[in-house]
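Visitor: Got a minute to walk me through this one? I'd like to go over the contacts and the surface.

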Amino acid sequence: MPERDDDSLEQRETEAERRRRRAQFLRELTEARELRERVQPRRAKAARLRHAMRMRTFRW
């Protein structure tokens, strides 16, 4: 029985660590996108327009 408690505790820590790493990744991804928009505004604008067009034509 104690093995289950150890496993669940270890799994929770792993899950918390995974969420921390994911949050860090998403922050860095957002930062990279913002940087790209500042460095290449024309290309970023075209990408935004393409994305908007895809979202308009996507059917839920």
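**Salt bridges, surface and pocket**

Guide: Sure, starting with one side chain: R48 has a relative accessible area of 44%, so R48 counts as partly exposed. Keep in mind that this is a predicted model.

Visitor: Okay, which side chain does R48 meet in a salt bridge?

Guide: That would be E37, with 3.6 Å from N to O. R48 sits in helix α2, which covers residues 41-57, while E37 is in helix α1, so the pair ties together parts that are eleven residues apart in sequence.

Visitor: And E37, is that buried or exposed or something in between?

Guide: In between: E37 comes out at 38% relative accessibility, so it counts as partly exposed.

Visitor: How many salt bridges turn up in the whole structure?

Guide: A search of the whole structure gives five. One of them joins the side chains of R18 and E15, at 2.9 Å from N to O.

Visitor: Where do R18 and E15 sit relative to each other along the helix?

Guide: They are three residues apart in helix α1, so about one helical turn separates them. R18 is partly exposed at 39% relative accessible area, and E15 is partly exposed too, at 33%.

Visitor: Which residues get joined into a network by salt bridges that share partners?

Guide: E15, R18 and R19 are joined into one network that way.

Visitor: What about R21, which partner does its side chain meet?

Guide: R21 meets E17 in a salt bridge, 3.9 Å from N to O. The cut-off for a salt bridge here is 4 Å, so the pair is counted. Both residues belong to helix α1, four residues apart, which is about one turn. E17 has 33% relative accessibility and is classed as partly exposed.

Visitor: Let me zoom out. How many helices and strands are there in the chain?

Guide: Two helices and zero strands. Helix α1 spans residues 2-39, and helix α2 spans residues 41-57.

Visitor: What share of the chain is buried?

Guide: Buried residues make up 2% of the 60 residues. The accessible surface of the chain is about 6400 Å², and carbon and sulfur atoms account for 53% of that.

Visitor: Switching to pockets, how much space lies in the largest one?

Guide: About 260 Å³. The elements giving two or more residues to its lining are α1 and α2.

Visitor: Which helix gives the most to that lining?

Guide: α2 does, with six residues. The full lining is R33, R36, E37, Q40, R43, A44, A47, R48, H51 and R54. You'll recognise E37 and R48 there, the two that meet in a salt bridge.

Visitor: And what's the mix by class in the lining of the largest pocket?

Guide: Six residues are charged, two are polar and two are nonpolar.

Visitor: One last thing, A44 is in that lining. How far is A44 from E34 in space?

Guide: C-alpha to C-alpha, E34 and A44 are 9.3 Å apart in space, and they are ten residues apart in sequence. E34 lies in helix α1.

Visitor: How exposed is E34?

Guide: E34 is partly exposed, with a relative accessible area of 43%. The upper limit for that class is 50%, so E34 falls short of counting as exposed.

Note on methods: Residues numbered from 1 in each chain as written. Predicted model: local features only at pLDDT ≥ 70, side-chain atom pairs only at ≥ 80, totals over all residues. Heavy atoms only, no water. Buried < 20%, exposed > 50% of the residue type's maximum accessible area, 1.4 Å probe, protein only. Areas by Shrake-Rupley, 256 points an atom, 1.4 Å probe, with all protein chains shown as cover. 1 Å grid on protein atoms, 1.4 Å probe; cavity = no way out; pocket = protein on both sides within 12 Å on 5 of 7 lines; lining within 4 Å. Points joined across faces, edges and corners; volume = space filled by probe spheres on them. Nonpolar A, V, L, I, M, F, W, Y, C, P; charged D, E, K, R; others polar.
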